[in-house]
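Here is a friendly walk through one protein model, told in questions and answers. Keep the structure open beside you as you read.

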Amino acid sequence: MCREDGVGTFNHDDGIKVYWISFLDGIQRILMFTTDARIAEECQASSKLEIINREILVSIHSLGLSLVNNDVCMELMYLRIGSSGVIWETKKLSGSRYVPMTKKECELIEAAYIRYTRMLAIGENEPIVFIKDLNIEVNFAENFVTKPSKKNIRRIYNTGFWLNLQSSDYTSQIHAKINNLQIDSQIDNCIFPVVFAPVPPPKTIAQTERKPFVELSIVERLNKYSPVKQYKYYKMLIQEFHIKLDIGFINAIIKMTEKYELSEEERLTMFNEDLAYASKPLQSQMITLSLQEQKNYYDMLHFSPLKIHVTFSLSGDELENIPPIISIILQSIGVTITSVQDVVLKLAFFERQYVLLNQRQLMLEVQHHYVSQLIKQLYVLVLGLDVLGNPFGLVSGFKQGVEDLFYEPFQGAIQGPEEFAEGLVLGVKSLFGHTVGGAAGAVGRITGAMGKGIAALTFDKDYQKKRQEIMNQQPSNIPAGLAQGGRGFVLGVVEGVEGVFEKPISGARSDGIRGFFKGGCKGMVGLVARPLSGALDFTSGTLNTIKRVTDTTSEVQRIRLPRFFREDKQVRPYSKRDAEGYKLLKIAGKGVYKLSDNYIYHVQTVPTDKEIFLITSQRVMYITRSYWTGSYKIEWEYVWSAMTRHPKIKQNGISLYGKHDPNLRRWWCFKVKQSNARLILVSDPELCSWIVDKINELMESDDPDMKSTQSSNVSLINSAED
């Protein structure tokens, strides 16, 4: 049975050469015999890929989409289709594998390459460039590293979105690529900053090629006499990706998409549209339905297999905006078994050949295929629960580590002795990370689930929120993890002792005698539950930090910080500086002023971000970053009413004058020696003038009786006299 297009010949008994042609005409397969070579040649040309006579190429560097809820002035989500960035790779002259350079090396070589191209454009050809910071010499004309050792070098760059449309008289081709697609959560205190992103490829000694996240290729045969579309080739490939969802992000999306109540005018308009649709003749409706049922013929239809990493958590928010049935189910399951982490779902590919399907049939078959695959892997979700320590992930990780221990050195031995040593190091690191780190992560998940369950027994939403904010922080090293865990333990002890006295009083104020005894019970339960929850969180945080440090895979980071909204709540173009300053305001001094103050400006007083001068609507403050924890503490601050004089511009910065803070103590009960004047180091004179004018404006708005008698320019003269 002939199922595909084709052309062939055979000789008849009387010696006549006969051509046979198989092609699709509508929904019928036609097998035609002819002795006319011209007809056979024309049919053969229509069945093969002709020379392209029309082509459209679209290339987009990157594309970003920000989703903002205007009702609450909050940015919910940021979607970005991004490029790979410029990547420089090196290869030994005798080798066959290119190795990507580090981010810093790529930046320095790219800067040197840009300077070389600019010099080349004005006629100065000096291809050999010495890069002092890397102590290497590069020949950009021949793509070689000449010193300290000779190596091949190449530059790779892939745009974020690439589309190629080609057509001829008989065919139409579409080839599209999306290099990288990432969705970030922009909600404050979200558990998972990155919601959707491709999984970074593992470090391997094997020769691999960088692939786009999504690639689509379609070849359609054009036949103006047939209403049926024939796709010779229809293939889509999707790389491995992860999805991380928390209930706070889901609530925010659902709340934004809630349907508003229709007004009477909108109801009347919709009613008239229904009447107009009902008054149309039946024939027009049948034509519309028949067009929707139009079938297409697919010679080759293929959707690649999917590998999805799923992480889900119910922590961090209330179950208020999700459907009632789902809310009841989740609450009935309990808080301890509704979190899964890094559960891997593997779905087989979907493929059909030489089939006739309409759009509805195709969607049903694809849906049935992947749903059946998901049902078969429900056991993975159960074995991936945090309360069980994700045993499925632990076993899979150990298996992967053992494979890498043998596979990586073997791949390196094929290429050379140096590659063998590199492969051995990668294999040992992978085994160590998947065994030690995997075991620590499993125990950390169990203790974390227990800590969350015990924290829920306190029935104190404020304590649970503070605890979740601490747990959301991701320390990058073991000292930071120990500091974070110790902070959670201290918080549990302090909150537990305070609750014994505060809960009965607050309960009596709200509900009298009944509230007093109810609060007393909560306080006694919290006295035991909160320190115990803090101890479990300390253990969980330490173990999770060990897993993170030993993990060999790189973690995808948020593309940018959440958008900052000023007091007028207007949506403006995104400003990286404003977003960074707003983050500093939220974390400075454990966020003590994040609700009362509005961010105005900030400036770094040293080359790094260790010391920062911050201006808000209510005060100025000087914050410093801790080396161990990475948090910012407030060294000193002046509210506008505490400033005795207007600031002055000095030769090396700005002088501020304020009153002493009688409550400021640094070590136990010993007061800190304070000065009336503070010097802010700012090297730019124009920036100094702007900051002084802004502070004067804020001081006068706070106290209308205080007027500036001197402008910033006069202050500069006075500073020279001082």
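Q: How far apart are the end C-alpha atoms of helix H2 (residues 103–121)?
A: This is a predicted model, so distances like this one are computed from its atoms. Helix H2 has 19 residues, and at 1.5 Å a residue it should span 27 Å. The model agrees with that expectation, because the end C-alpha atoms of H2 are 27 Å apart.

Q: Which residues of H2 are buried?
A: A helix has 3.6 residues a turn, so residues three or four places apart point the same way. With that in mind, look along H2 for the residues under 20% relative accessible area. The buried ones are Cys106, Ile109, Glu110, Ala112 and Tyr116.

Q: Which strands are included in what covers the buried residues of H2?
A: The buried residues to be covered are Cys106, Ile109, Glu110, Ala112 and Tyr116. Their cover includes strands S7 (87–92), S9 (128–131), S10 (136–139) and S12 (151–156).

Q: Which residue with a positive phi follows H2?
A: H2 covers residues 103–121. The residue to look for after it has a phi near 95°. That residue is Gly123.

Q: Is Cys73 buried or exposed?
A: Buried means under 20% relative accessible area. Cys73 has a relative accessible area of 19%, and Cys190 also falls under the cut-off, at 11%. Cys73 therefore counts as buried.

Q: How many disulfides does the count come to?
A: A disulfide is a covalent bond between the sulfur atoms of two cysteines. To be counted here, a pair of cysteine sulfur atoms must lie within 2.5 Å. By this rule the count is zero.

Q: How many residues of strand S29 (residues 653–658) are buried?
A: Strand S29 is mostly covered. Strand S28 (residues 643–649) pairs with S29 in the antiparallel sense over four bridges, and strand S32 (residues 677–681) pairs with S29 in the antiparallel sense over five bridges. Of the six residues in S29, the number buried is six.

Q: Which residue in S29 is the bridge partner of Met643?
A: S28 and S29 are joined by a hairpin through three residues. The two strands run in the antiparallel sense. Within this pairing, Met643 has as its bridge partner Gly658.

Q: Which residue in S32 stands opposite Ile654?
A: S29 and S32 are antiparallel partners, with five bridges between them. Opposite Ile654, in S32, stands Ile680.

Q: Which residue meets Arg563 in a salt bridge of 3.8 Å, N to O?
A: The whole structure holds 14 salt bridges. In the one sought here, Arg563 meets the side chain of Glu75. This pair links distant parts of the chain, 488 residues apart: Arg563 sits in the loop between helix H12 (478–550) and helix H13 (576–587), and its partner sits in strand S6 (residues 74–82). Both residues are buried, and the partner's name is Glu75.

Q: Why does the pair of Lys307 and Glu240 tie together parts that are apart in sequence?
A: Lys307 and Glu240 form a salt bridge, with their closest N and O atoms 3.8 Å apart. Lys307 lies in strand S21 (residues 306–313), while Glu240 lies in the loop between strand S18 (229–238) and strand S19 (241–246), so the parts tied together are apart in sequence by 67 residues.

Q: What is the relative accessible area of Asp597?
A: Asp597 forms a salt bridge with Arg619, and their closest N and O atoms are 2.7 Å apart. Arg619 counts as buried, at 9% relative accessibility. Asp597 is buried as well, with a relative accessible area of 2%.

Q: What are the ring planes of Trp88 and Phe140 to each other: stacked, tilted or edge-to-face?
A: The structure has 18 aromatic pairs. In this one, the ring centres of Trp88 and Phe140 are 5.9 Å apart and the planes meet at 65°. Planes over 60 degrees apart count as edge-to-face, so the pair is edge-to-face.

Q: Which residues do ring pairs link into a cluster?
A: Rings pair if their centres lie within 6.5 Å. Pairs of this kind join up into a cluster made of Tyr231, Tyr234, Tyr298, Phe303 and Phe350.

How values were computed
Residues are numbered from 1 along each chain as its sequence is written. This is a predicted model: local features need pLDDT of at least 70, side-chain atom pairs count only at pLDDT 80 or more; totals for chains, interfaces and linings use all residues. Side-chain values use heavy atoms; hydrogens and water are left out. The expected span of a helix is 1.5 Å times one less than its number of residues. Buried means under 20% relative accessible area, exposed over 50%, partly exposed in between (1.4 Å probe, protein chains only). Contact means heavy atoms within 4.5 Å. Two strands pair if DSSP finds at least two bridges between them. A salt bridge is a side-chain nitrogen of Lys or Arg within 4 Å of a carboxyl oxygen of Asp or Glu. Rings of Phe, Tyr and Trp (its six-membered ring) pair if their centres lie within 6.5 Å; planes under 30 degrees apart count as stacked, over 60 as edge-to-face and the rest as tilted.
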